[in-house]
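Dear colleague,

Here is the structure I said I would pass on to you. My notes on what was found in it follow below, and I would be glad if you could read them with the coordinates open.

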Amino acid sequence: MNYIIKNVKILGYNQEMFVYTKNGIIEKISTDSDSSPENYIEIDGKNKYLFPGFIDFHTHLFKDGSEFGIEADRLFDSGIVCAVDMGTAGHIAYPSFHKCNIATQKMEIKTFINVSPVGQLGAGINEPLDSKLLDENKIKKMLETYNEIVGVKLRLSKSIVKELGEKPLIQSLEIAEKLNLPLCVHTTDPPISFGRIASLMRRGDIITHIYQNKGKNLFQDDKNVEKDMIEAQKRGVIMDVGNGKFNFDFNVAKKAIDLGFLPNIISSDTTNNNYHKTKVMWDLPFVMSKFMALGLSLQQVVDMVTIAPAKALRLDDRIGKIKEGYEAKLVLCDLLEEEVEFQDAEENILKGNRFIKPIKLIYGNEVIEWQSI
């Protein structure tokens with residue numbers, strides 16, 4: 001199908017625009033309408049924003065193999081056009097993950113494979129990380145079979161690594177290096193400092209849950225962000241929000257943002273246990289709105305869920321921008337000017353006055369609409 005989105009606001013333009021899509025591709029962006037060309041379906045964008053479809057860089061999608069998993073296509077309701085499963089499955093269950101919860105979905109899905117063979121099962125069961133179990137060759141076999149795998153994931157929490165300390169991080173980095181993949185490190189209640197973690201990370205690696213406040217956090221003292229975190233970000237280590245239900249604290253985030261330490265990517269850490277269920281993490285547009293309440297601009301939060309993750313995933317030649325020749329994966333949104341409450345992991349409240357509300361999704365050759373939730 002071909003579409004014309006009329007009279008719509010687009011960031012970077014100072015007037016209403018007309019966007020034409022043809023056969024799933026953005027054909028033209030114009031200030032003038034061609035008076036409804038033949039065979040184009042009109043979409044009224046009056047008083048609404050058109051954004052590139054959102055990329056949620058941190059979700060859990062293994063619905064049939066993990067307590068955390070949610071069906072990927074449910075995320076269309078939040079304006080998502082590409083979702084990244086952040087390490088739910090290890091190599092043992094990965095074939096089942098692909099067969100049951102990736103191949104069956106319309107959503108474009110990318111994945112990080114868990115360095116532990118069993119992955120994140122949930123139900124209070126933590127993944128084993130003994131050095132003998134972290135098998136580079138078995139992960140490599142998954143890479144050779146499933147081309148959606150784009151990285152490796154490690155959860156570096158005291159409750160998981162226990163007496164192993166930083167050893168799983170060192171080994172995971174070695175595996176990622178040999179496989180030429182980025183490593184994403186979960187940092188809630190880490191056994192070592194954020195600075196130590198950051199000092200080991202390479203360009204393109206990801207530190208997630210950067211604003212968590214369980215145990216050690218990103219501050220070296222009450223006033224300053226760890227210098228190694230700042231240096232790591234400068235050299236290209238990606239700082240990811242990974243909001244989730246337990247991994248975000250307003251005090252840490254506000255202080256860090258006031259000091260100029262911003263995330264590279266805003267992500268939701270969506271699971272079946274938090275999606276459209278809690279004000280700590282309702283969905284990705286809700287988290288974007290939370291960051292506007294923390295002082296970021298609309299342009300900044302949109303870039304952090306479009307341009308930045310598209311670049312990190314090496315998809316920035318086809319999605320993440322409203323640009324002629326790019327895929328027509330676009331989301332039409334209201335920007336509501338009304339009071340909204342956000343919570344953090346400790347249920348502290350932050351009030352904002354703007355809220356991003358997806359209305360309609362253009363996903364290639366079709367339009368996806370939904371009921372207000």
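Arg-202 is partly exposed in this predicted model, with a relative accessible area of 21%, a value that sits just past the limit, since buried means under 20%. Its salt-bridge partner is Asp-205, the closest N and O atoms of the two being 2.8 Å apart, and Asp-205, at 0% relative accessibility, counts as buried. Elsewhere, salt bridges that share partners join Glu-108, Arg-318, Glu-327 and Lys-329 into one network.

Within that network, Glu-108 and Lys-329 form a salt bridge in which the closest N and O atoms are 3.3 Å apart. Because Glu-108 lies in strand β8 (residues 108-114) and Lys-329 in strand β13, this pair ties together parts that are 221 residues apart in sequence. Both Glu-108 and Lys-329 are buried.

Strand β13 (residues 329-336) also holds Asp-334, whose side chain meets that of Lys-48 in a salt bridge with an N to O distance of 3.0 Å. Lys-48 lies in the loop between β4 (40-44) and β5 (49-52), so the pair ties together parts that are 286 residues apart in sequence. Asp-334 is buried, its relative accessible area being 17%. In total, the structure holds 19 salt bridges, of which I have described only some here.

The cysteines can be dealt with briefly, as the structure holds zero disulfides. Cys-82 is in no disulfide, and the nearest cysteine sulfur, that of Cys-184, is 15 Å away; a disulfide would need the two sulfur atoms to lie within 2.5 Å, so the distance of 15 Å rules out this pair. Cys-184 is likewise in no disulfide, with the sulfur of Cys-82 as its nearest cysteine sulfur. Cys-82 counts as buried at 0% relative accessibility, and Cys-184 counts as buried at 0% as well.

Turning to the helices, I looked at α4 (residues 167-179), which has 13 residues and should therefore span 18 Å at 1.5 Å a residue. The C-alpha atoms at its ends are 19 Å apart, which agrees with that expectation. The buried residues of α4 are Pro-168, Leu-169, Gln-171, Ser-172, Leu-173, Ile-175, Ala-176 and Leu-179. When you look at their spacing, it may help to recall that an α-helix has 3.6 residues a turn, so residues three or four places apart point the same way.

Which elements do the buried residues of α4 pack against? They pack against the helices α2 (136-145), α3 (158-161) and α5 (194-200), and against the strands β9 (149-155) and β10 (183-186). After α4 comes Asn-180, whose phi is positive, near 60°.

Finally, I would draw your attention to Thr-270, which is found in the loop between α7 (250-258) and α8 (284-293). Although this residue belongs to a loop, Thr-270 is buried, with a relative accessible area of 1%. The side chain of Thr-270 makes a polar contact with the side chain of Ser-268, at 2.6 Å. Leaving aside residues up to four places away in sequence, Thr-270 touches Asp-56, His-58, Thr-59, His-60, Ile-70, Leu-75, Tyr-275 and Met-281.

With best regards

Conventions:
Residues are numbered from 1 along each chain as its sequence is written. This is a predicted model: local features need pLDDT of at least 70, side-chain atom pairs count only at pLDDT 80 or more; totals for chains, interfaces and linings use all residues. Side-chain values use heavy atoms; hydrogens and water are left out. Helices (H or I, at least four residues) and strands (E, at least two) are DSSP runs, numbered from the N terminus. The expected span of a helix is 1.5 Å times one less than its number of residues. Buried means under 20% relative accessible area, exposed over 50%, partly exposed in between (1.4 Å probe, protein chains only). Contact means heavy atoms within 4.5 Å. A salt bridge is a side-chain nitrogen of Lys or Arg within 4 Å of a carboxyl oxygen of Asp or Glu. A polar contact is a pair of N or O atoms within 3.5 Å; within protein, one must be able to donate a hydrogen and the other to accept it, and residues adjacent in sequence count only if both atoms are side-chain atoms.
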